[in-house]
Amino acid sequence: MESQLGLIGQSLDLRYSVWVREALNELPDSFTITDPCISGHPIVFASNGFLKMFGYSEDEVIGRNGRVFQGPRTDRRSVMEIREAIREERAIQISLLNYRKDRTPFWMLFHMSPVFSKEDGRVIHFVGVQVPIPRRPKYTGCTVVRNAVNSCEDGAHFRKGMFGCCRREVCSDTVMEIGRASSLDSVSSPDDGEEEINEPCEASETEKGKANAALSNILSILTHYSELSGKLVCGKCCCLSGTGRLVSSLNISLGRIKQSFVLSDPHLPDMPIVYASDMFLELTGYARHEVLGHNCRFLSGLDTDPATQYQVFFFPIPFFILSDFPTISIM
């Protein structure tokens, strides 16, 4: 557990300069940053706007997966679309029903985008922006609003909308009585709130614009502070040719294996390590960036038996499951 918390704490610190958190906290938007390279794909940063919107403290959010904010009425198909976007390492913008800490459901526009490393093209983070979608008033064909009839006191507009072809003999009093009856029919019953929140709520162009602007600002900050640390990132896949990388979905799946192991790619020069498990990092004391891209021989020393070393490096265990990544060596 301590190792997991250490990895979460280092997720931003090792990639960006020490001032990145302060810069991100100055943004007013609600957003989170997650790390697919850590087991469980946890949240490694939550903005002040996010904490305020959901009602959690920072300690209650950091280290947890985003599924904690879902509930019984969250659309499973929407969740699957998000997972598919993670697997394909692409951006997605979708309306989603989430829950605050007090379990109050609300609709929001969720805009997620990957952050790529310029060094090896890996997805190192996902940024998720949340923009609340307000419930918009619903109008009937006769312009009756919930709990209220037309705002025109004399009923003229109501009469025109509802009885445009009726005879002039219909008196305004009768029209207003009908209007009041219609409004009473639309008064919320105890179950109306549940039915209303279950109805899909689509984001407007304004809310989509807010999400796009927020994401652009976040990526600008991450790019800037990665330049200061010398470990460049970008918002689009920029994998260098001949560089090994694992897709985020495989990183997440491998993270569930509670064993100490690494994967190396024999198709690349010097057979570099392309994945290192959390338990391997805990066992060896190395950070992930100190392991990836290096050959396993850096673990050897003066007392390492040459015969054993020969068996390890020349007879590795092949991994044939992935057609796009054949014969990955498991150490």
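This briefing covers the two largest pockets of a predicted model. The largest pocket has a volume of about 680 Å³. The second largest holds about 480 Å³. Helix α5 is the top contributor to the lining of the largest pocket, while helix α1 takes that place in the second largest.

**Largest pocket**

- The lining counts 30 residues.
- H41, N65, G66, I82 and I86 sit closest to the centre of this pocket.
- Seen by element, α5 (76–88) gives the largest share of the lining, 5 residues.
- The helices α3 (48–54) and α10 (248–254) each add at least two residues.
- So do the strands β1 (31–34), β3 (92–99), β4 (105–117) and β5 (123–132).
- By residue class, the lining splits into 14 nonpolar, 12 polar and 4 charged.

**Second largest pocket**

- Here 25 residues form the lining.
- Nearest the centre of this pocket are R15, R122, R288, H289 and L292.
- The helix α1 (2–13) contributes the most to the lining, with 3 residues.
- At least two residues each come from β5, β8 (273–276) and α12 (288–291).
- The lining of the second largest pocket comprises 11 nonpolar, 7 polar and 7 charged residues.

**Across both pockets**

- Strand β5 supplies at least two residues to the lining of the largest pocket, and at least two to that of the second largest.
- Charged residues number 4 in the lining of the largest pocket and 7 in that of the second largest.

Conventions. Residues are numbered from 1 along each chain as its sequence is written. This is a predicted model: local features need pLDDT of at least 70, side-chain atom pairs count only at pLDDT 80 or more; totals for chains, interfaces and linings use all residues. Side-chain values use heavy atoms; hydrogens and water are left out. On a 1 Å grid over the protein atoms alone, a cavity is a set of points where a 1.4 Å probe fits but cannot get out, and a pocket is an open set with protein on both sides within 12 Å along at least five of seven lines; lining residues have an atom within 4 Å of a point. Grid points are joined across faces, edges and corners, and a volume is the space filled by probe spheres set on the points. Helices (H or I, at least four residues) and strands (E, at least two) are DSSP runs, numbered from the N terminus. Ala, Val, Leu, Ile, Met, Phe, Trp, Tyr, Cys and Pro count as nonpolar, Asp, Glu, Lys and Arg as charged, and the others, Gly among them, as polar.
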